[in-house]
Every structure is written in structure tokens, then in C-alpha cells.
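Biologist: Could you walk me through this protein and explain the words you use for it?
Modeller: Happily, let's open it up together.

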Amino acid sequence: MSLPIPPSHIVIFGRPGSGKSSLAERLSLDHGYTLMRTGELLREAVLRRDPLGVQVESLLKSGNLVPDPVIAALLERTLTGPGTGRILFDGFPRTMGQVRILEQLEQTRGFRVDCFLEVAISREAAILRMTGRRVCPECGATYHMANKPPQAEETCDLDGARLERRKDDALEVIEARQRVFDESTLPVLDYFRTHAPERYRRVDGEQASEAVYAETCRVLGLEDYTLRGQ
Ligand code: ADP
């Protein structure tokens, strides 16, 4: 069922490999949401080597979560303006402790999340997607062994370089991230599904990305710009 009015503040959930981040990016571009991405904010802090970044570097590498107080500090310093405008949270909240942090931010910053969106995909399908990803170390082109294979095995179509896996796509890291999602984040989804069913929406993340985007626009009550002019 569509939301009665398009949401101004959205939380998007999905296990690693669900495609939630590409979906969030497209929603932010097409519909003017500011992306609030804890994973990216953390990676930027690591690159800048600021104190928070130094603290979390090894946790990020292992696929484990960083502690809730660090996430609280990160959001406190990032959400400096008043909580107006449209915000799309991608990757937060991921633990029940962070649900409390979100509730506090809603109060202090004066906004309310009006949609919790789950991009649903099975663990098996997510692992299959992530193990198939390849990237060209020379030009950055991306491939997928099942969905977008290169013409010659493990070789970049553009410059002939041997394709590689992303560092965080190593099998043990992929499995660790799935486990962390099951243990820490599934309870968060259950919580919102039962406590805020009128604001909870689920889309089928196992479809092709175009179909996921179309279904998302429909359930959020947003215009699907790809349908314009057809
Ligand atoms: P993915 O969605 O594929 O897991 P992200 O870019 O969202 O990737 O996150 C990368 C890493 O950053 C996570 O594996 C975790 O270590 C850390 N991280 C991101 N967001 C949070 C959060 N809300 N709480 C704790 N750790 C987080």
C-alpha cells in the first residue's frame, strides 16, 4: 500500500548485497533526499585519519559494527543543521541501541522518520550477489560473474587488466557481515515492523534493480521518473 503522502525522512534497511545503497542513491538523486550514510561517513573519517576514524579502522576491515556511542557522535557532528528537508538514512540504525539514538535525534533535531523501508532479499541470494562482484583495478569498471560478466574470463573489457574482488568482498568478510546483520539488525526490523506498521514498507529486493526502484516509488508514493514520457 502506498504511503498517503511522500515521506520526508526515510530509513532504508537491507542486508549487505540487497542493493539498498544503489537504491538509496537513486532515490536521493531523483527526489532530493540528503543521504545520511554511516558507512561512508566512517570510511571518510578513516581516510582523513581523524580520531574517530583511527578508532574504527580495524572494525570496518573485519565487517564488524562500530560501537553505538561512536555512531551517536558521528551523527551528532554530521546532523548539525535543523532537521528540516528530506533525509534518507542508509545504514542506520543497525542495532537496538541505535534505535534509541535515532529517537533522541528525532527529538533534539525536530524531525520524525515517516517511512522504514526494507529491501528484502534472502541470505543465500545476497551472498551469491556479493561473491560474484568484480572490479577492474586499473579503471574501476565493475562486473558481476552472473549478471554482467566480462567477455573474457576475469579480464576487463576496457583495458584487459585482470579483475579483482573488492577487499570487503572476501568470503569470510561477506559471511561476517551477513551474521552481524542477522544478529544485530534483524531485531531492529522486527521492532519497527511491530511498533510502527503504518510506517513500515517492504519491497522485493530479489528483482532486477529497475523493478525494485519502480516498486519503491510506488510504495513510497513518489513519482517514478523512468516512466515519464513512456
Ligand atoms: P554495508 O551496508 O554493505 O554493510 P556500509 O557502507 O553501510 O556497508 O557499512 C560499512 C561498515 O561500516 C559496516 O560493516 C560497519 O563496520 C560500519 N558501519 C556502518 N554503519 C554502521 C552503524 N550504523 N553501526 C555500526 N557500524 C556501522
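What follows is a short conversation about the terms used for this predicted model.

Biologist: What makes the sheet an open one, and which strands are at its edges?
Modeller: The five strands come in the order β2-β3-β1-β4-β7, with parallel pairing. At the edges, β2 (34-37) and β7 (200-204) each pair on one side only. From one strand to the next, the twist averages 20°.

Biologist: How do you know that β1 and β4 count as a pair?
Modeller: Two strands pair if there are at least two bridges between them. Strand β1 (residues 9-13) and strand β4 (residues 115-120) are joined by four bridges, so they pair. Within this pair, Ile12 stands opposite Leu117 in β4.

Biologist: Why is the contact between Lys20 and Asp90 called a salt bridge?
Modeller: The rule asks for a side-chain nitrogen of Lys or Arg within 4 Å of a carboxyl oxygen of Asp or Glu. For Lys20 and Asp90 the closest N and O atoms are 2.6 Å apart, so the pair qualifies. Because Lys20 sits in helix α1 (residues 20-31) and Asp90 in strand β3, the bridge ties together parts that are 70 residues apart in sequence. By this rule, the count for the model comes to 18 salt bridges.

Biologist: And what about Lys61 and Glu57, how far apart are their closest N and O atoms?
Modeller: They are 3.8 Å apart, and since the cut-off is 4 Å, this is a salt bridge too. Both residues lie in helix α3, four residues apart, which is about one turn of the helix.

Biologist: Why is Lys61 called exposed, and what is Glu57 called?
Modeller: Exposed means over 50% relative accessible area, and buried means under 20%. Lys61 has 59%, so Lys61 is exposed. Glu57 has 23%, which falls in between, so Glu57 is partly exposed. By contrast, Lys20 and Asp90 are both buried.

Biologist: How do you know that the length of helix α7 makes sense?
Modeller: At 1.5 Å a residue, its 25 residues (171-195) should span 36 Å, and the end C-alpha atoms are 35 Å apart, which agrees. Helix α7 does bend by about 40° at Thr185, and Pro187 follows within four residues.

Biologist: Which parts do the buried residues of α7 pack against?
Modeller: Their partners include β1, β4 and β7, along with helices α3 (51-62) and α5 (96-109). Among these buried residues are Val173, Phe181, Leu189 and Phe192.

Note on methods. Residues numbered from 1 in each chain as written. Predicted model: local features only at pLDDT ≥ 70, side-chain atom pairs only at ≥ 80, totals over all residues. Heavy atoms only, no water. Helix = DSSP H or I, 4+ residues; strand = E, 2+ residues; numbered from the N terminus. Axes fitted to C-alpha atoms, helices over the stretch in contact; angles between N-to-C directions. Expected span 1.5 Å × (residues − 1). Bend = angle between axes of the 7 residues up to and from the residue. Buried < 20%, exposed > 50% of the residue type's maximum accessible area, 1.4 Å probe, protein only. Contact = heavy atoms within 4.5 Å.
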